[in-house]
Amino acid sequence: MINQRFVLANLKIFLLFFTKTFPTIIIYQYNRILPAMPSKLSQEIKSIPKIGPAYQARLKHLGIETVKDLLYHFPARYEDFSVQIPIADLKVDETACVQGIVESVKMVRVWKRHLTITEIVISDSTGKIKALWFNQPYLAGTFKKGLAVCLAGKLVEKKSSRYLSNPMYEKVNDGPDSEIDLTHTGRLVPIYPQTAGLSSRWLRYVIKPLLAGYSGLRDPLPDATVSAYEFMPWGEAIRQIHFPESLNTVKAARKRFAFEELFFIQLSVLQERIRLNNEQAEAITMDLPLIQDFTKTLPFSLTEAQRISSYRILKDMEKNRPMNRLLQGDVGSGKTIVAMMAALNAAKTGYQTAFMAPTEILATQHYENFIKLLKPFGIEIGILCSKHTAVSSFGQVSKSTVLELAKIGKIGILIGTNALIQKGVAFKKLAFVILDEQHRFGVEQRAALAKNNQTRKREKFTPHLLSMTATPIPRSLALTIYGDLDLTLLDEMPKGRKRIETKIVKPDDRAAAYEFIRREIKNGRQAFIVCPRIDTDEEEKRDAILFDPKADYSGAEAVKAVKEEYDKLSKKIFPDLRIGMLHGKMKAAEKQEIMEKFKAGIIDLLVSTSVIEVGIDVPNATIMAIEGSHKFGLAQLHQFRGRVGRGEHQSYCLLFSDYPTRRLSALLRHDNGFELAEKDLEIRGPGEVFGSQQWGMPDLAMASLADVFLVEKSRNAAKGILARDPTLENHPLLLERVKQLKQRTHLE
Ligand code: ADP
Ligand code: MG
């Protein structure tokens with residue numbers, strides 16, 4: 001079952017139509033009879049009388065600005081206080097709910113411990129019980145002798161005194177009406193995600209009365225969809241998710257909201273796909289003899305997976321509608337060659353290719369690799385980074401020269417960092433865009449590059465897009481986030497790769513590990529040592545960057561750690577070896593120089609931050625040692641490990657750690673990134689692994705990705721609607737939602 005803490009509730013993408021003023025009209029007419037009314041759900045929270053400026057600010061901090069945001073702030077879990085028991089039946093260490101009359105109220109101050117204790121005693125026909133609250137002195141004024149109250153909490157026993165400790169409490173107004181509607185006790189009580197300054201009690205207090213007013217709202221999902229999948233209607237679901245009748249109704253409500261989120265994401269990506277299919281692209285004919293020539297010049301033969309996927313890509317690019325393809329392949333599976341063939345084919349047919357990599361180091365590596373392997377074909381290749389600007393036939397040239405050559409169409413393949421999408425970059429005939437390890441921004445980057453296309457000014461040609469990633473994304477997530485992409489899987493490693501031996505190195509084994517590294521290096525091999533950041537909220541930051549390779553991993557702390565490690569290694573441990581240092585704060589030229597020296601074998605051991613995570617290819621390096629390895633995520637560790645084992649020599653991954661974790665042992669057992677991703681999901685759950693925010697995706701949707709059926713259902717429902725109404729002109733409510741969703745994702 002999905003852990004409920006993933007139901008964190010900053011669910012941002014919803015809007016609904018309703019009116020607070022005429023709820024009855026809506027109840028009778030909400031089936032499309034009313035024209036779309038200005039949504040009151042979009043009303044700001046300050047319009048709710050109970051919410052003053054202080055609370056407005058706290059809510060805003062959570063991203064809650066409208067009534068809608070507040071209603072979609074879902075509980076993280078529920079306390080079951082639905083059964084009230086007689087006081088005599090209370091048991092020590094058990095949580096329960098009792099009702100009784102207040103017998104006495106007193107407040108005690110314990111000065112030494114800076115403590116105020118509010119103590120009341122309540123009684124029912126079976127007995128009496130004490131209840132204590134700590135440091136909530138205002139409570140003394142809440143309870144009066146003779147008042148009927150409900151208390152829910154845990155009975156504790158200390159020094160032979162029994163009391164309910166900090167119970168939830170509620171006055172019971174037992175008037176003539178026997179139906180008592182309790183909010184904080186006597187039911188399944190919603191507990192909201194923990195936030196400073198916003199108690200669950202307060203949230204229950206504001207949300208509950210809102211629900212009554214909104215239950216007649218128009219359902220944002222089409223009626224046909226709701227009935228086809230037998231979903232709980234919106235009004236019912238919003239009530240049940242906050243104040244459920246049973247855990248079953250919670251489940252049904254959650255499922256419905258998860259579907260709703262997925263459905264709108266699907267609508268949005270599928271619409272994007274339809275839009276793209278209507279766009280024009282250059283049809284690039286596949287030059288089979290050229291491709292055959294190329295593969296003959298390679299020092300290895302292609303894997304079957306490389307053959308199949310490059311054929312598919314080349315065939316796709318023959319069409320006059322833009323390709324939109326994600327090439328997924330584990331670290332070292334040889335994605336670059338596949339991209340290179342397509343770029344070669346485009347260049348030889350007279351078109352330009354832009355190839356964008358996340359870091360300058362990586363762009364440089366691709367540039368050198370392209371020059372080397374494409375030499376026989378006489379294509380001008382350029383590189384454009386913030387510092388490194390060069391073209392293959394002249395070497396280092398000025399930035400303006402590169403720009404000019406690209407603009408007049410002399411450069412066939414332009415490789416670079418995001419400098420490629422900056423102002424002033426123009427192409428004559430750009431027809432193909434490759435993005436390496438940048439899956440997240442694909443569509444926008446292509447759009448940015450396409451704008452710089454100077455071809456036949458009037459007509460709009462969208463370049464074909466190939467994104468490449470080693471991030472193993474489960475199919476359900478891929479379908480959701482990349483619903484507009486075709487997926488190609490490179491599921492085979494080049495032949496002859498040896499298994500990388502992976503070991504956890506505990507503190508006692510450190511000396512032996514260093515000795516081992518020295519031996520390997522003396523045998524002519526090279527090694528990496530990676531240092532983690534050492535700041536305290538590092539976990540958080542790491543998660544935030546895990547799937548955004550563009551992020552600068554090298555915080556000041558990591559740089560410090562690297563410098564210290566470098567000093568230690570070069571002075572004390574390996575004074576006899578040639579050691580280099582690499583981190584993100586170094587100048588581009590310095591970084592490049594170090595990488596070149598390492599590649600050329602002039603440096604034996606490279607101490608680095610995680611900047612080397614993505615893509616670096618040095619076949620002679622056989623050792624990847626990772627300091628504080630428990631501090632990295634599985635995907636990242638797997639990426640590091642993928643930096644070695646690229647040549648003919650046996651390679652090793654040494655995981656230095658004082659705290660061997662499940663994650664680390666998973667790494668010992670699995671070589672395959674996709675298997676590891678599954679393990680990671682199992683250990684941490686989808687919300688943590690993929691960090692909802694990174695994908696601009698609500699947590700509930702994220703948590704539901706494990707439910708492949710639900711994802712498929714949402715996709716089918718969205719497809720069904722778009723098949724009949726591709727522009728959604730007959731579904732104004734849906735269109736509005738999709739627009740808002742797009743806006744949100746673009747702002748992230
Ligand atoms: P990734 O998929 O991680 O980007 P690369 O494209 O960098 O992997 O390839 C990793 C290494 O494997 C490179 O040195 C590349 O030249 C080499 N390689 C690629 N394809 C093959 C193959 N079919 N046989 C042997 N080596 C290959
Ligand atoms: Mg790569």
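Which polar backbone atom is 3.4 Å from an oxygen atom of ligand 1? Select Ser333 to see: a polar backbone atom of Ser333 is at that distance from a ligand oxygen. The model on screen is predicted, and this tour stays with ligand 1 and the space around it.

**Stop 1: the other polar contacts**

Select Gly332 next. Its backbone has an N or O atom that lies 2.6 Å from an oxygen atom of ligand 1. Then select Arg646 and show its side chain. There, an N or O atom is 3.4 Å from an oxygen atom of the ligand. On its own, ligand 1 has 560 Å² of accessible area, and the protein covers 86% of that.

**Stop 2: the shell around the ligand**

Select the residues within 4 Å of ligand 1. There are 16 residues around the ligand, and those that come nearest are Gly332, Lys335, Thr336, Arg497 and Asp617. Colour the shell by class: four residues are nonpolar, seven are polar and five are charged.

**Stop 3: the pocket**

Now turn on a surface for the protein, with the ligand hidden. The space that ligand 1 takes is the largest pocket. This pocket holds about 1000 Å³ of space. Its lining is made of 37 residues, and Phe300, Asn369, Arg497, Asp617 and Arg646 are the closest to its centre.

**Stop 4: the helices in the lining**

Select 335–348, which is α11, and 360–374, which is α12; these are the elements that give two or more residues to the pocket lining. Which element gives the largest share of the lining? It is α12, with seven residues.

**Stop 5: the lining by class**

Finally, colour the whole lining of the largest pocket by class. The lining has 11 nonpolar, 14 polar and 12 charged residues. Bring ligand 1 back into view to end the tour: the pocket you have coloured is the space it takes.

Conventions:
Residues are numbered from 1 along each chain as its sequence is written. Chains are lettered from A and ligands numbered from 1 in the order in which they are written. This is a predicted model: local features need pLDDT of at least 70, side-chain atom pairs count only at pLDDT 80 or more; totals for chains, interfaces and linings use all residues. Side-chain values use heavy atoms; hydrogens and water are left out. A polar contact is a pair of N or O atoms within 3.5 Å; within protein, one must be able to donate a hydrogen and the other to accept it, and residues adjacent in sequence count only if both atoms are side-chain atoms. Accessible areas come from the Shrake-Rupley method with a 1.4 Å probe; for residues, only the protein chains shown count as cover. On a 1 Å grid over the protein atoms alone, a cavity is a set of points where a 1.4 Å probe fits but cannot get out, and a pocket is an open set with protein on both sides within 12 Å along at least five of seven lines; lining residues have an atom within 4 Å of a point. A molecule sits in a cavity or pocket if more than half of its atoms lie within 2 Å of its grid points. Ala, Val, Leu, Ile, Met, Phe, Trp, Tyr, Cys and Pro count as nonpolar, Asp, Glu, Lys and Arg as charged, and the others, Gly among them, as polar. Grid points are joined across faces, edges and corners, and a volume is the space filled by probe spheres set on the points. Helices (H or I, at least four residues) and strands (E, at least two) are DSSP runs, numbered from the N terminus.
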